Amino acid sequence: MQLAISKQKFIDTWGALGTEWGINKSVAQVQALLLVSDNPLSTDAIMEALTISRGNANMSLRQLLDYGIIYKKVIAGDRKEYFVAEKDIWKWALKIALMRKQKEIDPVLGVLTELEAETKKDKSAEGKALHQTIHDIQTFTDQLSTLVERVAGSTRGELLLKLLKLVM
């Protein structure tokens with residue numbers, strides 16, 4: 001019984017954490033449920049376990065499939081769709097980081113590069129201050145983008161060594 005309580009606590013906590021990261025609560029809860037499940041789960045089982053509608057379950061599953069952090073699993077003799085989570089935290093964390101970079105960082109970099117070129121022409125004190133602010137944000141964002149790309153391209157061992165070098 002304690003294991004069931006622990007699993008539910010994890011699912012609830014992961015759902016709350018997901019909302020802090022801008023992820024729909026149900027999406028995070030579905031991932032958490034699949035992470036703690038030993039066997040593939042059908043949409044019906046997910047709906048029942050999380051007390052969510054079929055539409056909500058299907059939308060959450062689609063988003064997780066799009067992220068590449070859950071997979072469909074075929075069970076011989078059964079026509080239902082089943083799902084399993086990517087259990088390797090490194091794999092799914094990097095997939096999410098790359099996806100978020102593409103959706104959030106890359107578009108901002110384009111705008112910042114454009115604004116930096118536009119504000120460079122203004123020689124007034126206010127224009128120079130705006131240019132410097134945009135330049136600083138663009139430099140930081142570019143470095144963050146490069147970091148995400150390098151981390152995503154690293155093996156686990158290389159990644160740990162790089163992170164240790166950063167903190168030491």
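**Helix packing and the nonpolar core**

Gln102 is found in helix H5, a helix that covers residues 89–120 (helices are DSSP runs of H or I, at least four residues, and strands are runs of E, at least two, numbered from the N terminus). The model is predicted, so local features need pLDDT of at least 70 and side-chain atom pairs pLDDT 80 or more, while totals for chains, interfaces and linings use all residues. Residues are numbered from 1 along each chain, and side-chain values use heavy atoms, without hydrogens or water.

Gln102 has a relative accessible area of 55% and is therefore exposed (over 50%; buried is under 20% and partly exposed lies in between, with a 1.4 Å probe and protein chains only). From the C-alpha atom of Gln102 to that of Ser145 the distance is 9.2 Å, although the two residues are 43 residues apart in sequence.

Leu94 also belongs to helix H5. With 19% relative accessibility, Leu94 counts as buried. Beyond its neighbours up to four places away in sequence, Leu94 touches Val151 and Ala152 (contact means heavy atoms within 4.5 Å). Leu94 and Ile69 lie 25 residues apart along the chain, and their C-alpha atoms are separated by 9.9 Å.

A further glutamine, Gln138, is located in helix H6, which spans residues 125–152. The relative accessible area of Gln138 is 13%, so this residue is buried. When neighbours within four places in sequence are left aside, the contacts of Gln138 are Leu109, Leu112, Thr113 and Glu116.

The largest nonpolar core contains 27 residues (a core is a set of buried Ala, Val, Leu, Ile, Met, Phe, Trp, Tyr and Cys residues joined through side-chain atoms within 4.5 Å). Val30, Leu34, Ile46 and Ile70 have the most contacts inside this core. At least two core residues come from each of helix H1 (2–20), helix H2 (25–36), H3, H4, strand E3 (82–85) and H5. The greatest share is that of H2, which gives eight residues. In soluble globular proteins, nonpolar side chains tend to be buried together.

Leu34, one of the core residues with the most contacts, meets residues from several places along the chain. Without its neighbours within four places in sequence, Leu34 is in contact with Leu41, Ile46, Leu61, Ile70, Phe83, Ala85 and Lys87. Ile46 is thus a contact of Leu34 and is itself among the core residues with the most contacts.

Two helix pairs were examined. The axes of H1 and H2 come within 7 Å and cross at roughly 145° (axes are lines fitted to C-alpha atoms over the stretch in contact, and angles run from 0 to 180 degrees between N-to-C directions). On the H1 side, the contact is made by Lys7, Phe10, Ile11, Asp12, Trp14, Gly15, Gly18 and Thr19. On the H2 side, Lys25, Ala28, Gln29, Gln31, Ala32, Leu33, Leu35 and Val36 take part.

For helix H3 (residues 43–50) and helix H4 (residues 54–67), the axes come within 9 Å and cross at roughly 115°. H3 contributes Thr43, Asp44, Ile46 and Met47 to this contact, and H4 contributes Arg54, Ala57, Asn58 and Leu61. Ile46 and Leu61, which take part here, are also contacts of Leu34.

Thr51 is placed in the loop between H3 and H4. Thr51 is not a glycine, yet its phi is positive, at about 50°. With a relative accessibility of 72%, Thr51 counts as exposed.
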